[in-house]
Amino acid sequence: MPYHYLDLREPMTTSVLLADPQPLLRMGVAALLDAQPDLRVVAEAAAVQQIEAQCAHHRPDIVCVDIAMLDPQPWDAIAALRRGHAAPRVVVLTHRAGEEDIYRAISAGANAYLLKDGPADELLHGLRTVRQGGSYLPP
């Protein structure tokens, strides 16, 4: 019987669900992530109703979501994602820069909070930090 060994030199691929109501933004972020050897977009959601179904079907490691699409109760939605069957890590990618939004998102279980107007490298660094079990807030 042949044995198969895990090659630790190869980067582990992290699966990501992109949840944002803006198709152009999803397309751009997907192109950025799919160009990386260790990140792969497995699904997209344009509406909040699609997120849970996509999580159940694809079981992503990370859900990258704009909290604006989770209104009126974004904090409850983040908490529900974190305790769901797939229990993915949650990275908030949004335009909302208020300290209270950041605090409430992290308190609800988000692992990172990033702004849409931030640099691409910051998003990649945040996703990789979360993948490794950490939390990320940009400086």
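Biologist: How do the residues lining the second largest pocket divide into nonpolar, polar and charged?
Modeller: In this predicted model, the lining of the second largest pocket has nine nonpolar, two polar and two charged residues. The pocket has a volume of about 150 Å³. It is lined by 13 residues, and V29, L93, K116, G118 and L123 are the closest to its centre. Helix 1 (23-34), strand 5 (112-115) and helix 5 (120-131) each give two or more residues to this lining, and the largest share, four residues, comes from helix 1.

Biologist: What makes K116 a charged residue and G118 a polar one, when both lie close to the centre of that pocket?
Modeller: K116 is a lysine, and Lys counts as charged, whereas Gly is placed among the polar residues, so G118 falls in the polar class.

Biologist: Why is the contact between the side chains of D20 and K116 called a salt bridge?
Modeller: The distance from N to O in this pair is 2.8 Å. A salt bridge requires a side-chain nitrogen of Lys or Arg within 4 Å of a carboxyl oxygen of Asp or Glu, so the pair of D20 and K116 meets the rule. D20 lies in the loop between strand 1 and helix 1 and K116 in the loop between strand 5 and helix 5, so this salt bridge ties together parts that are 96 residues apart in sequence.

Biologist: How do you know whether D20 and K116 are buried, partly exposed or exposed?
Modeller: D20 has a relative accessibility of 4%, and because buried means under 20%, D20 counts as buried. K116 has a relative accessible area of 23%, which is not under 20% and not over 50%, so K116 is partly exposed.

Biologist: Which other residue forms a salt bridge with K116, and how do you know that it counts as one?
Modeller: The partner is D66, whose closest N and O atoms with K116 are 2.7 Å apart. D66 lies in the loop between strand 3 and helix 3, while K116 lies in the loop between strand 5 and helix 5, so the pair ties together parts 50 residues apart in sequence. The distance of 2.7 Å is within 4 Å, so this pair also satisfies the rule. D66 has a relative accessible area of 3%, which is under 20%, so it is buried. D20, D66 and K116 are thus linked in a network of salt bridges.

Biologist: What makes D38 and R131 a salt bridge, and which parts does the pair tie together?
Modeller: The side chains of D38 and R131 meet at 2.8 Å, N to O, and since this is within 4 Å the pair counts as a salt bridge. D38 lies in the loop between helix 1 and strand 2 (39-45) and R131 in helix 5, so the pair ties together parts that are 93 residues apart in sequence. D38 is buried at 7% relative accessibility, whereas R131, with a relative accessible area of 21%, is partly exposed. By this rule the count comes to six salt bridges.

Biologist: Why does E122 have no salt bridge?
Modeller: E122, which is found in helix 5, is buried, and the nearest side chain of opposite charge, R128, is 13 Å away. A salt bridge needs a distance within 4 Å, so 13 Å does not meet the rule. Leaving aside residues up to four places away in sequence, E122 touches L114, Y136, P138 and P139.

Biologist: Which residues line the largest cavity, and what is its volume?
Modeller: The largest cavity has a volume of about 40 Å³. The residues that line it include D20, V29, D66 and L93. Strand 1 (14-19), helix 1 and strand 3 (62-65) each give two or more residues to this lining, with helix 1 giving the most, three residues. By class, the lining has seven nonpolar, no polar and three charged residues.

Biologist: Why is G84, which lies among the residues nearest the centre of the largest pocket, called partly exposed?
Modeller: Its relative accessible area is 29%, which lies between the limits of 20% and 50%, so G84 is partly exposed. G84 is placed in the loop between helix 3 and strand 4 (89-94). The largest pocket has a volume of about 320 Å³, and helix 2 (48-58) supplies the largest share of its lining, six residues. The lining divides into eleven nonpolar, three polar and one charged.

Note on methods:
Residues are numbered from 1 along each chain as its sequence is written. This is a predicted model: local features need pLDDT of at least 70, side-chain atom pairs count only at pLDDT 80 or more; totals for chains, interfaces and linings use all residues. Side-chain values use heavy atoms; hydrogens and water are left out. On a 1 Å grid over the protein atoms alone, a cavity is a set of points where a 1.4 Å probe fits but cannot get out, and a pocket is an open set with protein on both sides within 12 Å along at least five of seven lines; lining residues have an atom within 4 Å of a point. Grid points are joined across faces, edges and corners, and a volume is the space filled by probe spheres set on the points. Buried means under 20% relative accessible area, exposed over 50%, partly exposed in between (1.4 Å probe, protein chains only). Lys and Arg count as positive and Asp and Glu as negative; His and the chain ends are not counted. Contact means heavy atoms within 4.5 Å.
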